Every structure is written in structure tokens, then in C-alpha cells.
Amino acid sequence: MATADKSLSKYDPSQVPDGADYRVALVVSEWNIKITEALFQGAKTTLLSHNVPDKNIIRINVPGSFELIYGASRAQQMDFDAVIAIGCVIQGETRHFEFISNAVAQGIKDLNVNSTTPVIFCVLTDETLEQSEARSGGEKGNKGVEAAVTALRMIWL
Ligand code: DLZ
């Protein structure tokens, strides 16, 4: 398993750029809201801990992960230094899982290729709710924390 020997949230804070001048948009999918809320909290807390001003952290909700592409695209056109796309796709009985997961990954990749504002991929694609819980504040850390650190590093780049 990719994360078997690595907590997602362990990092050296001294290696993360200061965020005092940064503006970050967090686009949050409302599907599996308990999970995406925990990811949002992890990301926001981490941004604040690296001095991004509260007033410079904006939340934009969208109905589902598929809409993260449009939401992130609109945020790119505003005055933000980075966008974090937060979602959670969980395997169901149909093939929705693969269509949505692939579309969101490809869509966010395209946004990164076509704009100078980075969009960070904070979308869990899990087989079970338990796996998502483990990665949103459970035993595997919080992917929102990792996304926030990634955003700060990409802005600095
Ligand atoms: C329809 C759907 C399904 C079945 N599963 C999920 C999911 O696990 N996670 C998620 O974020 N969104 C899901 N959606 C909703 C789609 O992302 C999208 O909102 C709708 O298809 C409307 O475009």
C-alpha cells in the first residue's frame, strides 16, 4: 500500500515557506461532507500555522467532486496564489467512481498545465469510508495538511 509506511501529515515546518503574503482558495466538495470538512479543517489550520492571514483564506463550496474542476478554474481567475481542491470519492456499486476520479484528476491536471496558479489535488479516492476516515484525521494523517504544505511550496516555486 502506498501509504503503509508513511503518515501523510509528517513534515518539517522549518522547510515550509512563510505564508504571510499569500492568498489561498479552498474549493470544497459537499459529497462525503464529513470527510471533506475534516480535510478542509486540516488544510486551513496548517495554512494559519504558516502565517497565511485568516482573511486571505477563502472557502468555495461545490456540490460534488466533479464540480471541483469548474470551481477551481473560477478560483484561478480570481486573485489567489494557489487553489486547493478538496473532495472525497468513495467506491460504490456503479462505475461512477472511476469516471469521477479520472475526470477530476485529469481536469485538475489540465488546470495546472494551462494556468500559472497552481491547483493542489486534495481528493481522496478510496474503496471504503474507513479508508477515507483514516486519511482525514485518522491513523494515516490528514491529507488536507499535506495539501496546504504543498500549496505553500508551489506558491514559493
Ligand atoms: C454522483 C456521485 C457519486 C455516485 N459519488 C460521488 C462521490 O463518491 N464523491 C463525490 O464527490 N461526488 C460523487 N458524486 C457526485 C458528482 O461528483 C457530481 O456532483 C454529480 O455527478 C453532478 O455533476
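Starting at the N terminus, the elements of this chain go β-α-β-α-β-α-β-α-β-β-α. That adds up to five helices and six strands. Keep in mind that this is a predicted model. There's a ligand in it, and the protein covers part of that ligand's surface, as set out below.

**Overall build**
- The chain has 157 residues and a radius of gyration of 15 Å, which agrees with the value near 15 Å that a compact globule of that length would have.
- Measured out along the principal axes, the C-alpha atoms fill a box of roughly 45 × 35 × 25 Å.
- Buried residues account for 46% of the 157 in the chain.

**Who sits around the ligand**
- The residues around the ligand start with Ser29, Trp31 and Asn32, carry on through Gly64, Ser65, Phe66 and Glu67, then pick up Cys88, Val89 and Ile90, and finish with His96 and Ile100.
- Sorted by class, that shell has six nonpolar residues, five polar ones and one charged one.
- Two elements, strand 3 (82-90) and helix 3 (96-114), each put at least two residues into the shell.
- Strand 3 is the top contributor, giving three residues.

**Polar contacts to the ligand**
- Ser65 uses its side chain here: a polar atom of it lies 2.6 Å from an oxygen atom of the ligand.
- With Phe66 it's the backbone instead, where an N or O atom lies 3.1 Å from an oxygen atom of the ligand.
- Cys88 also comes in through its backbone, with a polar atom there 2.9 Å from a nitrogen atom of the ligand.
- On its own the ligand has 480 Å² of accessible area, and the protein covers 72% of that.

**The cysteines**
- Don't go looking for disulfides, since a search of the whole structure finds zero of them.
- Cys88 can't make one because the closest cysteine sulfur, in Cys122, is 9.9 Å from its own, too far for a bond; the cut-off for a disulfide is 2.5 Å between the sulfur atoms.
- Seen from the other end, Cys122 is in no disulfide either, and its nearest cysteine sulfur is that of Cys88.
- Cys88 has 2% relative accessibility, so it counts as buried, the cut-off being under 20%.
- Cys122 is buried as well, at a relative accessible area of 0%.
- Cys88 therefore turns up twice in this briefing: it is a buried residue, and its backbone makes a polar contact with the ligand.

Terms used: Residues are numbered from 1 along each chain as its sequence is written. This is a predicted model: local features need pLDDT of at least 70, side-chain atom pairs count only at pLDDT 80 or more; totals for chains, interfaces and linings use all residues. Side-chain values use heavy atoms; hydrogens and water are left out. A residue is near a molecule or strand if one of its heavy atoms lies within 4 Å of it. A polar contact is a pair of N or O atoms within 3.5 Å; within protein, one must be able to donate a hydrogen and the other to accept it, and residues adjacent in sequence count only if both atoms are side-chain atoms. Accessible areas come from the Shrake-Rupley method with a 1.4 Å probe; for residues, only the protein chains shown count as cover. Helices (H or I, at least four residues) and strands (E, at least two) are DSSP runs, numbered from the N terminus. Ala, Val, Leu, Ile, Met, Phe, Trp, Tyr, Cys and Pro count as nonpolar, Asp, Glu, Lys and Arg as charged, and the others, Gly among them, as polar. Buried means under 20% relative accessible area, exposed over 50%, partly exposed in between (1.4 Å probe, protein chains only). The radius of gyration is taken over C-alpha atoms; the globule rule is 2.2 Å times the number of residues to the power 0.38.
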